[in-house]
Amino acid sequence: MRQIVLDTETTGINPKLGNRIIEIGCVELVNRMLTGNNFHVYINPERDSEEGALNVHGLTTEFLSDKPKFAQIVDDLREYIQGAEVIIHNAPFDLGFLNHEFQLLGLPDFSTHIHGVIDTLVHAKELHPGKRNSLDALCDRYGISNAHRKLHGALLDSELLADVYLAMTRGQNSLGMDVEEEVAVAGEELAVVPLAQVILQPASEEEVAAHQETLAGLDKAVKGQCIWTALTTPTAPVA
């Protein structure tokens, strides 16, 4: 299974207003393992960044002036992402810009080159409803250090998001049990036996208290709610 964790930086927030991609960072996962086969480019957008965007990424027009234009890197990007499942935080934003850049060059949408998209923002909201689910908040929740992140950068953010994604989905590959099924030989008649009486043994007060203490420790470790607490805490009805 090949997955690509992807992030972009842009000159603004809306491609329909002429804003462009200025940086693409990708991190490759194969069978949930980082391979080191990353993809990273700065791009000359042929325009200035809006003030708000510049404050986020710090990539000046002067810095980007000698970088390749999108048309010069698009073939390498298409080859790199071909057929992969792409993981993005707030996917509609990045996909909107990528599809726009591809359309400007008369190419099929970016989305047609990949196997599918996982939006980690959507996944995080399902796991942690009502909580902050920005990349910084998720790094804090899962104990992933982002102290070196002063400004947003596409490759750095992709590396952090890869760690967040693996932490959020850590249990998904270990839910099955290695149980060998007993298969009856063709034509063999199985004996009918009565069901045993089910005995319910409720937990003692001490066991319940120990369980709650363990959950509290897990909540403290992730600086929020662990998955068990999040799934077992009743959601308040919407007024």
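Which helix does alanine 53 lie in? Alanine 53 lies in helix α1. Keep in mind that this is a predicted model, and let's start with that one residue before walking around the rest.

**Alanine 53 and its partners**

With a relative accessible area of 14%, alanine 53 counts as buried, because the cut-off for that word is under 20%. What does alanine 53 touch once you leave aside its neighbours within four places in sequence? The contacts are Thr10, Thr11, Gly12 and Gly58. Take threonine 10: it sits 43 residues away from alanine 53 along the chain, yet the C-alpha atoms of the two are separated by 7.1 Å.

**The whole chain**

Now zoom out. The protein chain has 239 residues, and 39% of them are buried. Its secondary structure comes to 9 helices and 6 strands. If you look at contacts between residues at least 6 apart in sequence, 67% of them join residues at least 24 apart. The chain exposes about 15000 Å², and carbon and sulfur atoms supply 56% of that area.

**Helix α3, a helix with two faces**

Helix α3 runs over residues 70-81. Its buried residues are Phe70, Ile73, Val74, Leu77, Tyr80 and Ile81. Why do these buried residues belong to the same side of α3? They cover an arc of only 130 degrees around the axis, so they end up on the same side. On the face turned away from that buried side you'll find the exposed residues Gln72, Asp75 and Glu79.

So what covers the buried residues of α3? The cover includes strands β1 (2-10), β2 (21-30) and β4 (39-42), along with helix α4 (91-104). Just after α3 comes glycine 83, with a positive phi of about 75 degrees.

Isoleucine 81, found in α3, deserves a closer look. Its relative accessibility is 0%, which is why it counts as buried. Not counting residues up to four places away in sequence, isoleucine 81 touches Arg2, Phe110, His113 and Ile114. Its C-alpha atom is separated by 9.0 Å from that of cysteine 26, even though the two residues are 55 apart along the chain.

**Checking helix lengths**

You can test whether a helix has the length you'd expect by counting 1.5 Å a residue. Here are two of the helices:

| Helix | Residues in helix | Expected span | C-alpha to C-alpha, end to end |
|---|---|---|---|
| α3 | 12 residues | 16 Å | 15 Å |
| α7 | 15 residues | 21 Å | 20 Å |

For α3, the end-to-end value agrees with the expected one, and the same check on α7 agrees as well.

**Helices α5 and α7**

Helix α5 (residues 120-127) has Thr120, Leu121, His123, Ala124 and Leu127 as buried residues. These cover an arc of only 160 degrees around the axis, which puts them on the same side of α5. The face turned away from that side carries the exposed residues Lys125 and Glu126.

How many of the 15 residues of α7 are buried? The count is 12, so α7 is largely enclosed by the rest of the structure. Among the buried residues of α7 are Ala154, Leu155, Asp157, Tyr165 and Met168.

**The largest pocket**

About 520 Å³ of space lies in the largest pocket. Its lining is made of 23 residues, and the closest to the centre are Asp7, Thr8, Glu9, Phe93 and His152. Which elements give two or more residues to that lining? They are β1, α1 (51-57), α4, α6 (135-141) and α7 (154-168). The largest share, 5 residues, comes from β1.

**Two loop residues with positive phi**

Finally, two residues in loops. Asparagine 31 is found in the loop between β2 and β3 (33-34). Its phi is positive, about 55 degrees, although it is not a glycine. At 53% relative accessibility, asparagine 31 counts as exposed, since exposed means over 50%.

Glutamate 46 is found in the loop between β4 and α1. Its phi is near 60 degrees, again a positive value in a residue other than glycine. Is glutamate 46 buried or exposed? At 53% relative accessibility, glutamate 46 counts as exposed.

Methods:
Residues numbered from 1 in each chain as written. Predicted model: local features only at pLDDT ≥ 70, side-chain atom pairs only at ≥ 80, totals over all residues. Heavy atoms only, no water. Helix = DSSP H or I, 4+ residues; strand = E, 2+ residues; numbered from the N terminus. Buried < 20%, exposed > 50% of the residue type's maximum accessible area, 1.4 Å probe, protein only. Contact = heavy atoms within 4.5 Å. Areas by Shrake-Rupley, 256 points an atom, 1.4 Å probe, with all protein chains shown as cover. Expected span 1.5 Å × (residues − 1). Arc of directions from axis to C-beta. 1 Å grid on protein atoms, 1.4 Å probe; cavity = no way out; pocket = protein on both sides within 12 Å on 5 of 7 lines; lining within 4 Å. Points joined across faces, edges and corners; volume = space filled by probe spheres on them.
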